[in-house]
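User: I'm new to this one and keep running into labels I don't quite trust. Can we go through them together?

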Amino acid sequence: MMALPQFFDLQGYGHLLMEGAAITVGVGIAAMAVSLVLGMLGALARLSERRWLRRTGAVYTTVVRGVPELVLMLIVYYGGTVLLQKLLSLSGGDIRVDIDAFLAGTIVLGFVYGAYATEIFRGAFLAIPQGQIDAGQAYAMSPGQIFFRIKLPQAWRLAIPGLGNLWLTLLKATSITSVIGLTELARQSDLIKSPTHKPFTTFFLASLLYLAMTALSDLLRLRAERWASAGFRRS
Amino acid sequence: MKFVRFLAVVFAVAALAGAAQADKRKLIVATEGAYPPYNFVDADGSLQGFDVDFAKALCEKLNADCDIIKQDWDGMIPGLIAKKYDLIVASMGILPEREEKIDFSIPYYQSPTALVANKSAGITAGADGFVDPESLAGKKVGVQRATAYETFARQKWPKVEVVVYDSSESADLDMTAGRIDARFDDFIVLQNGILKSDSAADYARVGNIWAEKDFGSKGEGIGVRKGEEDLRDAVSKAILDMRADGSYQKIDAKYFDFDIYGE
Amino acid sequence: MWNGIDFELVYTSLPELAGGLVTTIQLTILTILGGIVLALPLGIARTSPLKSVSLPIWAYTYFFRGTPMLIQLFLIYYGLAQFKTLRASFLWPILRDGYWCCLIAFTLNTAAYTIEIIAGAIRNVPHTDIEAARAMGMSAMTTMRRITLPIALRILFPAYTNEVIFVLQSTSLASMVTVLDMTGVARIIIARTFSPYEIFITIAVVYLMLTYATLWLFRRFEFHLYRHLRSHASAVAAVPALR
């Protein structure tokens, strides 16, 4: 068996893991932003009075859950650029638009987790005590005012636990972008497993990095929950 | 919202970049980065190898400003078609099925192909000097996906279990782990990879080395999109120029002890 | 390419893809079964007041829930092969096979999540029910068997349905370690024919159908679980819990 320091020696390739982790966080944040937007839109669609909106929202959430992220990622990456090029060529002009791996990853992850965020926001909106909305109406608030002053702040508070969970899942799901070549942590570890001749060490250290990110995210989530609950007295 | 804004920025930048076309043309070159010694990534994370040096010299000859990027082998041709880049300099063989989709320059080197097997696997050469297909029956041969080697193995050796990998390096790793009995790839790559590993003594080449024409390949070429004949011809001319003025041979000498250009 | 979607290619690829589909379904079912076998005892043990019992289990679930499945798969497939002693041992015939590595990795992963789901559900069984059972003289084992677990089963069902769907999707990762599941076959066909769109969309549709079929199956079972509360069945449709 190898001596411990020898076991952990990644022969100079180790820093690539840290760079990969940085990209993991980067694409995670970008995708989270997209999924928050899509989630809010989706929840509003599913709760809307218009049936076609409700239907679209429902289709969105079910379709997205039905296809593996890996496959979605490959479709968007290989097919998406061609589609975009065709669309653009219709307007004339040879604009070269490139969906690089980062963008493809952000789009797919944002799209997929937007569906989960939809469910979280929808549950959050449904959980707001009806009395609050009634009170707002009694004060002759417009629907817009009710939404922005009563519904939205409370929905955020109620959504934070679910969103915190979403972030953790999303962070791990960034590993799928490795199949389209994005040099995040999973990809980097896959790349250096051969030159270092130490695949176990490589993946184990990568695991530790993921665990560190998860643990840190957990801490941040607890703080966010506390912040969002400020002023909320549990009656 | 954010996405639309982002797209708008991308359009703007692309349009501006197109407008600001200087004397030097801008070319993006794709290589795999997992195929040493032709192309690989070193500890700094930068691309190195024969293909990389060759591409840089090629761009000089073309008077072009080049960016060399990394692209997974699977997506190499789709990426070229989708205009993610303009040239493929990644040790890609000029095969008929590839020529249906993209164009190639003249060959820039000839790749020797060989089968390297575990000595204890019982794979032997036949009377003609090449690997005996019968001795391969039921064995596991590791190849990279989307290569001529995968196609050849499936067509010529139907009794073989062809195991496909994303990259040559992954296949080598499994060979040392004992998951496959043989590797079928470019011989120089195999010499650099599996035959340089700690357990290299367990492996040996079986049978003769194949030349590109045995595969129906004209050699390794530079990939160019269809419809860009002038770029393709410029590249072919540049290759010949590099042969004439010795710059090719200089790069060759850095990596190999023989002239891989062939012919 | 836009002028015609290559339906003929899809048609000729179907037999190959069907082979991959069989592997996908096999992997999914075996993983689910393995996960249940592993998670049921460990899930119960996870609720133990003894730290020496619940802590190691927690450590295991924490590792497998805190790291991506792909890394776990690579760790087992490529990582374990690093150790010469393992390669020489009796375990090697299992570990050298990509299919088995996938089964092991997927099972360990789903078991980790299932353990937490089961433990969470057990903790949420109304304490009054357990007290009533003990008051009637039931032993701890009997209480667990006849009261706690059945109630917990109903509580965890929506979350577990999600988990099953997730296992189905994650089998596509098997293609990363030479296993020819549906995604693996698709990638080979695409590499050969340069037509990513047609093939990927085909398998996307198949995965969708599989997901719907599974959901339908589980919804029916859930309906069955609540047969004693039929009039309250509408309360079952909870917000899907996330992994």
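User: Leaving aside its neighbours within four places in sequence, which residues is Leu173(C) in contact with?

Analyst: Keep in mind that this is a predicted model. Leu173(C) touches Leu70(A) and Ile176(A) on chain A, plus Met69(C), Leu70(C), Leu73(C) and Phe106(C) on chain C. Along with Phe125(A), Leu173(C) has the most contacts inside the largest nonpolar core, a set of 138 residues. Helix H6 (residues 98-123) of chain C gives that core its largest share, 13 residues.

User: What makes Asp103(B) and Arg232(B) a salt bridge?

Analyst: Their side chains come to 3.7 Å, N to O. The cut-off is 4 Å between a side-chain nitrogen of Lys or Arg and a carboxyl oxygen of Asp or Glu, so the pair qualifies. Asp103(B) sits in strand S7 (residues 103-104) and Arg232(B) in helix H9 (residues 229-245), both of chain B, so the bridge ties together parts 129 residues apart in sequence.

User: Why is Asp103(B) called buried, and what is Arg232(B) called?

Analyst: Buried means under 20% relative accessible area. Asp103(B) has 11%, so it's buried. Arg232(B) has 23%, and since that falls between 20% and 50%, it counts as partly exposed.

User: How do you know that Glu150(B) and Arg154(B) are about one helical turn apart?

Analyst: Because they're 4 residues apart in helix H6 (residues 148-156) of chain B. Their side chains also meet in a salt bridge, at 2.9 Å, N to O. Set against the same kind of cut-off for burial, Glu150(B) at 6% is under 20% and so counts as buried, whereas Arg154(B) at 34% is partly exposed.

User: Why is Leu33(C) called partly exposed?

Analyst: Its relative accessible area is 48%, and exposed would need over 50%, so Leu33(C) stays in the partly exposed class. Leu33(C) lies in helix H1 (residues 7-46) of chain C. Together with Ile25(C), Ile29(C) and Leu30(C), Leu33(C) makes a nonpolar surface patch of about 330 Å².

User: How much area do chain C and chain A bury between them?

Analyst: About 4000 Å², with 75% of it on carbon and sulfur atoms. The contact takes 42 residues from chain C and 48 residues from chain A. As for salt bridges between chain C and chain A, the count is 0.

User: And what secondary structure does chain A have?

Analyst: Chain A comes to 9 helices and 0 strands. Of its 235 residues, 52% are buried.

Definitions and conventions: Residues numbered from 1 in each chain as written. Chains lettered and ligands numbered in written order. Predicted model: local features only at pLDDT ≥ 70, side-chain atom pairs only at ≥ 80, totals over all residues. Heavy atoms only, no water. Core = buried A, V, L, I, M, F, W, Y, C linked by side-chain atoms within 4.5 Å. Buried < 20%, exposed > 50% of the residue type's maximum accessible area, 1.4 Å probe, protein only. Helix = DSSP H or I, 4+ residues; strand = E, 2+ residues; numbered from the N terminus. Contact = heavy atoms within 4.5 Å. Patch = residues over 30% accessible without salt bridge, like charges linked within 9 Å, V, L, I, M, F, W, Y side chains within 5 Å. Areas by Shrake-Rupley, 256 points an atom, 1.4 Å probe, with all protein chains shown as cover. Buried area = accessible area lost by both parts, 1.4 Å probe.
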